[in-house]
Amino acid sequence: MALTELLEYNMKYKNIREEELKNKVGADWFPDFDTTEIIGNIDFTVLPKQDNLFGRIPLLWAEAKTGDFDIAAMFVQLILTIGKARTFDKTLPPAFLAAFDFKKIAFVPYINIQDIFYLNDFNWNVTPSNHDTKEFKLIQERIQTILKQNTYVYDYINDEKDLITFIKNNIANATNTSKIKIDKNNFTPIYLRWLEIIKPIIDVNWDELKKANILDNDFYLADLFVDDRDTQTIDDDITIRDNLFVVYQNQGYTIAKENIKQMFDATIKLKNKATYIQFWKRYKRPPLKEFQDYIIERRDLLVPQDIRERKGAFFTPRQWVELSQKYLADALGENWQEEYYIWDCAAGTGNLLAGLTNKYNIYASTLDQADVNVMHERIDHGANLLKNHVFQFDFLNDDFSILPQSLQNIINNEEKRKKLVIYINPPYAESGDSKQRMGTGKNKASVASETLIYKLHSERFGTATRELFTQFLIRINQEIPNSIIGHFSTLKFIQSQNFEKFRNIFLATFKNGFLIPADTFDNVKGKFPIGFYVWLLNDKKQIRPFLIDVYNLKSFIGQKLINTHEKGKFLIDWLRSYFDKKGNSIGFLRVNGPDVQNNIGVFITSSPTENDLKKHFVYNITIENLAYISIYFAIRHCIKATWLNDRDQFLYPNNGWQTDKDFQRDCLAYTIFSNNIQSKFGTNHWIPFTEYEVNAKEKFESHFMADFIKGKITPQQPESDLFVFREPKPNYQVPILFSDDAKEVFNAGLELWKYYHAQNEVNVNASLYDIREYFQGRNDKGRMNTKSKNPKYTELISELRNKLNLLADKLKPKIYKYEFLKE
C-alpha cells in the first residue's frame, strides 16, 4: 500500500469539506453539547445545552482543518484568530482550546496559553491563515514548550475510548478555569455585575451600615482582595490593608474600620455560598498587581446602587455602556481616559459616563436643567464627575461661547481638539426629552425641523437633517472638526438612500464598533439593530463598507458587513426597467421600501388601493414582465426579517441571474403559490392547474397561468421570455422545466386544490387566497383566522408551506450570490 493510501486509510474522516468535518465531529464526539453556535471567526465551539447563572459559558473553541495537519500550526492559527478579534474580551473564554483534522483531535487548557494574549507590542492584525508571517512564527515558537507539556492528542480510530473518556471527564465537567483578569478598565463593570448578583445574598442591614458610612462598594473591595482560596491577600501590603473598611475571611465579611468595629462584631454571612462561588469563578483575584493601588485610590468610581438608579439612570443599558467603553479603549489605547477629553453632549442623567475614571477630563451637558440637578445630586453622593463640568446646554441650538471656558479651550485648540471624544447616545425622536433615546419613540420631523442646526444645514445635508441624531453628527462634523465620535444610533445614516448627501459630507474613518438588538434598550419593541460606532474625524474618508462586531443579549456572535449604497443602485431601480403600462393586466405588485423590514408591504393583489396607485406603489403585472415581477417578489419574501438584517437593503443585482434559468423558474414557482390574488375583484389568472388536474366542477374563466407554464402563450418580446429556452423559430413552444424543488411545491399545491374542489359549493375560479379563506374563515373583526378546524386542510396547507420554505432555502444563497442582498 502506498504511503498516501496508508495515511488516508488511517483517517476516520476523508474527502469531505471543512463544514462537513465540523458537523461530523460535533455529532460523533460531542452529541450531548451544542456545537451549532458560531462565535466570531472561530471554526468550532462547544457549549452546554443549558444556561447557568451567567448564560452559556463556552467549554471549547477549536480550529478545524481538512487532511492531516500539524497540531502546533493549527493552534497558532486559532490563537491568532482569537487574538485578532480579542474574542476573550467579548465573551468568557472556554476551559479548553482544541485543533482537529481528518485524523486526530488535540486539546490544551486555555489557562496554559492565555498569557500570550497579553503580549506587549504584538501585532495581532495579521491574517491568521498566513503561516509565513513573523507573528505566526513568533507564536509558534512561544507555544512549542506549552504544547509539549499540556496537550492531549487523540487519534479518532486508535484512541477512540480514551477520547470519549477525556471528553466525559474534562469537557463535560469543565468549569471555566481561564478566569478574567481584573484591571483598571474592568473593575467598575465587574462591580456593577456584583451589585446584581452578590449584594442581594449578603445577610446584612444595609441601612444600618450606611449610617456608619459603610457602603456596598466596601464589601466589593473585600471580595476583590482575596485569592482563589478566599484568603485575604493584603497582609504584607499596609497601604491596601489600611484602606479596606471590610475584609473577607472565614466564609464571611468582617468590619475592619476600628471606630465602628464593635457595632458589627459578628461575621456577616452569605445567604447563598454557591452563587458567590459561581460568580467569582469568572474572575482572577486579586486584581493585577500593577492596578491594585489604583483600584483602592479610585473607590469613588464605585457609586452606590440607590444613587445610580435615580431618574434616567439606565436608558442606555448598563452592559452596552460597559461594552462601548471597552471599544473606546480598544480604539484609543488602554490609557485613553488619561490621554483624551470626553464630552457627552446628550447626557441625560449621565448614565453613559458611569465607569469612566478621570473626572477632570469629563464633561456632561444636557438640555434639561432637571437632569443637571440629578447629576449634581449624584456627585454629592460620590459620582465621579465635577459639578462645574456638568451643565445645561442645548447642543442643537446654543452657541459654543456659553460653554465652560475649559471646554472652549479644548474645542478651539487644534491639537487638543484631536483628543476630544464626543461620547453620546443622542436623542432620536423628541428634542429635549431625556427619555427619548435611540429607538425609544417615533421620529417627529416637526421637532427636528425647529432646531438651529436644521435651519443652517438642511439644504446642504438634505433629508438627513430631519433626524435629531444626525443633527448631532452634523454639528460635531462642522464645528468640532478632527475630533473623535463614539455614538449609539441606528444604521440609517450609513445605509439609507436618503442619507447620500450626508455621507458625501460626513468624512471620517470607522475605527471599530458593534451592533446589538434594539429591544435590549428600555421601552423599545422593534426588531432592528442599534450600533455603537467610533469615528475618527481627522482621517477624512468617504464611508465605505466595513465589518462590525455583533452581539446578542448574552454574547458576541460574529461580525457583519455594513454596506453603503447610492441612489439608482437599489432593487426597485432594477425593476423600473420592466414597467409595463400597455400590456393586459393579470394582477398588481405592491412595492415598498428597499430594506428587509419593509417586506411585509410587498404583495401581489387584484385590488390595489387608490392611495397606492396615487403614490406609484403599484406595478402592473403582464405577460411581458411576469418573469421580473416574480424574481422581485420571491427575493423580497424568501428573506425573513430578523433584528440583524432588518435594515439590509435590496440592491441592483449583478448579471449572474440572467443565465440562471433554474433560479428564474424557482422564483416563478414561489410567486405563484404566495400571492394575495382574490377572484372577487376580477378574473383570477393565477390558477396553475387545469380543470382536469383538480377535478373542477366547471370550466375556469382563465387558463393564463397553466398555459404560460405549458408554453402555450409567451411574451411578445423574446428577451422577456426568461423561462423558455427558445429556438429561433416563430411560435416554437416549450413548457417551463421546473426544478425538482419547484415540482414539490406544485405537487403540494395540486393536492390542496383537489381537496378544495371536492367540497360542496365552491368557487370554481378560486385563488390560493380564496381557498385559505374558505377553510380558515374570518373573525368578528373581518380578519382571516390563522388556523382552520379542518384537519385535512391543515395538513395540506402545512405541506405546501413546508415545500415553499424548502424552495426559499434553495433561493437564499443565490440572492446573495447575485447581490440582490450583500453580506
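A residue counts as buried when its relative accessible area is under 20%, and that cut-off will be needed at the first stop of this tour. The structure on screen is a predicted model, and what follows suggests what to select in it, one stop after another.

**Stop 1: strand S14**

Begin by selecting residues 420-424, which form strand S14; 5 of the 5 residues are buried, so the strand is largely enclosed by the rest of the structure. If you show the side chains, you will find that both faces of S14 are covered, with Leu-420, Ile-422 and Ile-424 buried on one side and Val-421 and Tyr-423 buried on the other.

Now add the strands that pair with S14. Strand S11, residues 341-344, pairs with S14 in the parallel sense over 3 bridges, and here Tyr-341 has Leu-420 of S14 as its bridge partner. Strand S15, residues 484-489, also pairs with S14 in the parallel sense, over 4 bridges, and in this pairing Ile-484 of S15 stands opposite Val-421.

**Stop 2: a salt bridge within helix H21**

Next select Arg-475 and Glu-479, whose side chains meet in a salt bridge with N and O 3.2 Å apart. Both residues belong to helix H21, residues 468-479, where they are 4 residues apart, or about one turn of the helix. Which of the two is buried and which is partly exposed? Arg-475 counts as buried because its relative accessibility is 4%, while Glu-479, at 31%, counts as partly exposed.

**Stop 3: a salt bridge between two helices**

A search of the whole structure finds 30 salt bridges, and one of them is formed by Asp-666 and Lys-810, whose closest N and O atoms are 2.9 Å apart. Asp-666 lies in helix H27 (residues 661-672) and Lys-810 in helix H32, so this pair ties together parts that are 144 residues apart in sequence. Asp-666 is buried, with a relative accessible area of 1%, whereas Lys-810 is partly exposed, at 23%. To see the surroundings of this pair, extend the selection to Asp-660, Asp-662, Asp-741 and Lys-814, which are linked with Asp-666 and Lys-810 in a network of salt bridges.

**Stop 4: two cysteines without a bond**

Select Cys-638 and Cys-667 together, and display their sulfur atoms. Why is there no disulfide between Cys-638 and Cys-667? The sulfur of Cys-667 is 6.6 Å from the closest cysteine sulfur, that of Cys-638, and this is too far for a bond, because a disulfide needs two cysteine sulfur atoms within 2.5 Å. The search of the whole structure in fact finds 0 disulfides. Cys-638 counts as buried at 1% relative accessibility, and Cys-667 is buried with a relative accessible area of 1%.

**Stop 5: the second largest pocket**

Finish at the second largest pocket, which holds about 510 Å³ of space. It is lined by 24 residues, and those closest to its centre, which make a convenient selection, are His-637, Lys-640, Tyr-670, Ser-674 and Leu-804. Helix H26 (626-638), helix H31 (768-776) and helix H32 (791-817) are the elements that give two or more residues to the lining, and H32 provides the largest share, with 5 residues. If you colour the lining of this pocket by residue class, you will find 13 nonpolar, 7 polar and 4 charged residues.

Methods. Residues numbered from 1 in each chain as written. Predicted model: local features only at pLDDT ≥ 70, side-chain atom pairs only at ≥ 80, totals over all residues. Heavy atoms only, no water. Buried < 20%, exposed > 50% of the residue type's maximum accessible area, 1.4 Å probe, protein only. 1 Å grid on protein atoms, 1.4 Å probe; cavity = no way out; pocket = protein on both sides within 12 Å on 5 of 7 lines; lining within 4 Å. Points joined across faces, edges and corners; volume = space filled by probe spheres on them. Nonpolar A, V, L, I, M, F, W, Y, C, P; charged D, E, K, R; others polar. Pairing = 2+ DSSP bridges. Salt bridge = Lys/Arg side-chain N within 4 Å of Asp/Glu carboxyl O.
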